[in-house]
Amino acid sequence: MQLDLPKWFDLHTHFRQGPAVPAYIQAHIDMGCAGVLAMPNTKPPIARVTGEPDAESWTIERYLNELKANGADVFEQVIVPLYLTRNTTPAMIADGAESGLLRACKYYPPHGTTNSEHGVPMKEFLDGDILRAMEENNLVLCIHGEQHALPGEDYLAANRNAEAIFYRETMPRLLEAHPNLRIVCEHITTAEAARFVRKAPDRVGATITPQHLLYTLGHLIQGLKYHLYCLPVVKFDDDRDFLRDAATSAGQSKFFAGTDSAPHTTKATECGCAAGCFTGGCAPQLYAMAFEESRIDLSSKSGRESFERFLCLNGPAFYGFPASTERFGLERSPCKTEVLETADGNVTPLPSGLNLDLTWSLR
Ligand code: NCD
Ligand code: ZN
């Protein structure tokens, strides 16, 4: 079986800074990716729009130039969201939007994930000038939706977790306080988040990663497969069912690809594990596998259409740019993934890290 598709968009990825950047960008180009939203949790973070970068923060302007000089100039779209910190101002938002450099902002729960220590709790933004400036300028708010600073037993339990709490308690308040704000619920992992997005108005969309469509906490724990450790962490099979339904349902326009591909040259350390799964080079293949696991027949017209919506069409429509007119191909044949060698060290892609092969390949 073969699929001929428009090139797709990865609306949540991490290209980092430094000597490995060209390898990460090339891995995305190689998998038929037409454009990306490259996350701002670099070191230092992308926390201003223009001006001279310094030790505390880089600017969107500088990071875009850096990415383009390292291969991203071939992409049809490169969006870099502004990292919302205590130093973000409404003027930064208004001026940035006017310049065209600023198209989205990113909310990180403080200390909730890799390099998120500059984040500010959502309750401090609610009903405030920053989000109002975003509404007025039609910018997208990308949300890492987890309640921060919970004790371990509340962070992840059988009947509650940080994401479910955030979607139950904080998201309704955000929608009410900012009725015109466009929101992407990033890398959702739970039934609660999927249900929330389905019921929300059309200004709310969501990205889903391949790993959250394919795997559960059991896959992570069985052998402590740390290459599958990312945040928000993979959840349970009933959560995965809700994500699969959301991603694959016919005609849906809210859910789209955002791999959260997050390369780490060192995953396991003396005192823990870096959060982030690397899926550069293999994400569309993993998404095709996930659609098949969700009992979607990709050889049927309806199956192919729902895959194309999720991977190639819904993301551009939500962000307001055209889908790609270029094509790429996938075929149903087994394939091994290779470790990516970079100038910063090697990165293990998720399937290799799980000792698994792909059942789909690039053509
Ligand atoms: C991401 C990273 O490594 O930058 N890690 C992850 O587990 N997803 C950060 C993020 O998007 O949360
Ligand atoms: Zn991410």
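Is His 14 buried or exposed? With a relative accessibility of 7%, His 14 counts as buried, because the cut-off for buried is under 20%. This is a predicted model.

## The zinc site

His 14 also binds metal. Its NE2 atom is a donor to the zinc ion (ligand 2), along with His 12 (NE2) and Asp 260 (OD). These protein donors lie 2.0 Å from the zinc ion. The site has 4 donor atoms and is tetrahedral. Angles among those donors run from 92 to 134°. For comparison, the ideal angle for four tetrahedral donors is 109.5 degrees.

## Donors along the chain

The donor residues follow the spacing H-x1-H-x245-D. His 14 and Asp 260 are 246 residues apart, so this pair links distant parts of the chain. His 14 sits in the loop between β2 (8–13) and α1 (21–30). Asp 260 sits in the loop between β12 (255–257) and β13 (268–269).

Asp 260 counts as buried too, because its relative accessibility is 6%.

## The sheet that holds β2

Strand β2 belongs to an open sheet of 3 strands. Their order is β2-β3-β6, and the pairing is parallel. β2 and β6 (77–79) stand at the edges. Each has a single partner strand, so one side of each is left without a neighbour in the sheet. From one strand to the next, the twist averages 15°.

β2 pairs with β3 (residues 33–38) over 4 bridges, in the parallel sense. One bridge joins Thr 13 to Ala 38 in β3.

Conventions:
Residues numbered from 1 in each chain as written. Chains lettered and ligands numbered in written order. Predicted model: local features only at pLDDT ≥ 70, side-chain atom pairs only at ≥ 80, totals over all residues. Heavy atoms only, no water. Donors = N, O, S within 2.8 Å, 3.2 Å for Na, K, Ca; no water. Tetrahedral: all angles 85-135°; square planar, octahedral: opposite > 155°, others 65-115°. Helix = DSSP H or I, 4+ residues; strand = E, 2+ residues; numbered from the N terminus. Buried < 20%, exposed > 50% of the residue type's maximum accessible area, 1.4 Å probe, protein only. Pairing = 2+ DSSP bridges. Axes fitted to C-alpha atoms, helices over the stretch in contact; angles between N-to-C directions.
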